[in-house]
Every structure is written in C-alpha cells, then in structure tokens.
Amino acid sequence: MFYESYLLPLDRVVGLLEQGGLVVTARLEQEPGGRLTRPHACLLARKPPRTAAATSAARRQGTWPR
C-alpha cells in the first residue's frame, strides 16, 4: 500500500491513475470548511484482474508472472 499526497484537481489524479491502467474503486471527497482550507480527497485504486487470455499471452511471451 502506498500513500501519496498531491495538490492536483481530483479528476486529474483519477485520470492519471486510469491512464496507468488502474481502476479507481473508492473515492471520498471532503469540501473545505472548519479547519480545512481546500478540498481533500482519498482514492483507492487497484490493478484490474488478469483475464485467462492475458495470463496465457504473458506466459507465451515470457513475461509471466508480474
């Protein structure tokens, strides 16, 4: 598990995660108010599960496991 902090718009971070091949599975957003001076968000992302076809292709190409 990794924790990263960025001062980027949330949709930009989601887009970058998706470009990297990850699937965002949870998203928690908190608007400014009280002690918060700017919006905060937490994202949970994971690698998509490999399909049987992708696993077979990786074995044939010699790139399994990864």
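Asp11 and Gln19 are exposed on one side of helix H1; exposed means over 50% relative accessible area, buried under 20%, and partly exposed in between, with a 1.4 Å probe and protein chains only. The helix spans residues 10-19. On the other side of the story are Leu10, Val13 and Val14, which are buried in H1. They cover an arc of only 100° around the axis, so they sit on the same side of H1. That arc is taken over the directions from the helix axis to the C-beta atoms. The general rule is that an α-helix has 3.6 residues a turn, so residues three or four places apart point the same way.

This is a predicted model, in which local features need pLDDT of at least 70 and side-chain atom pairs count only at pLDDT 80 or more, while totals for chains, interfaces and linings use all residues. Residues are numbered from 1 along each chain as its sequence is written, and side-chain values use heavy atoms, without hydrogens and water.

What do the buried residues of H1 pack against? They pack against E1 and strand E2 (40-46). Contact here means heavy atoms within 4.5 Å. Leu10 shows this in detail. Leu10 counts as buried because its relative accessibility is 18%. Leaving aside neighbours within four places in sequence, Leu10 is in contact with Arg27, Glu29, Ala41 and Leu43. Leu10 and Cys42 are 32 residues apart in sequence, and their C-alpha atoms are 9.1 Å apart in space. After H1 comes Gly21, with a positive phi near 90°.

Now to the charged side chains. The structure holds two salt bridges. A salt bridge is a side-chain nitrogen of Lys or Arg within 4 Å of a carboxyl oxygen of Asp or Glu. Side chains of opposite charge can pair when their charged atoms come close. Arg27 forms a salt bridge with Asp11, and the closest N and O atoms are 2.9 Å apart. This pair links distant parts of the chain: Arg27 lies in strand E1 (residues 23-30), Asp11 lies in helix H1, and they are 16 residues apart. Glu29 forms a salt bridge with Arg27, with the closest N and O atoms 3.1 Å apart. Salt bridges that share partners join Asp11, Arg27 and Glu29 into one network.

How accessible are these partners? Asp11 counts as exposed because its relative accessibility is 56%. Arg27, at 42%, counts as partly exposed. Glu29 is also partly exposed, with a relative accessible area of 47%.

The surface has a nonpolar side too. Tyr6, Leu8 and Leu16 make a nonpolar surface patch of about 290 Å². Patches are made of residues with over 30% relative accessible area and no salt bridge; like charges are joined within 9 Å, and nonpolar side chains (Val, Leu, Ile, Met, Phe, Trp, Tyr) within 5 Å. Tyr6 is found in the segment before helix H1.

Finally, the whole chain. The protein has two helices and two strands, in the order α-β-β-α along the sequence. Helices (H or I, at least four residues) and strands (E, at least two) are DSSP runs, numbered from the N terminus. Buried residues make up 8% of the 66 residues. The accessible surface comes to about 6000 Å², of which 56% belongs to carbon and sulfur atoms; such areas come from the Shrake-Rupley method with a 1.4 Å probe, and for residues only the protein chains shown count as cover.
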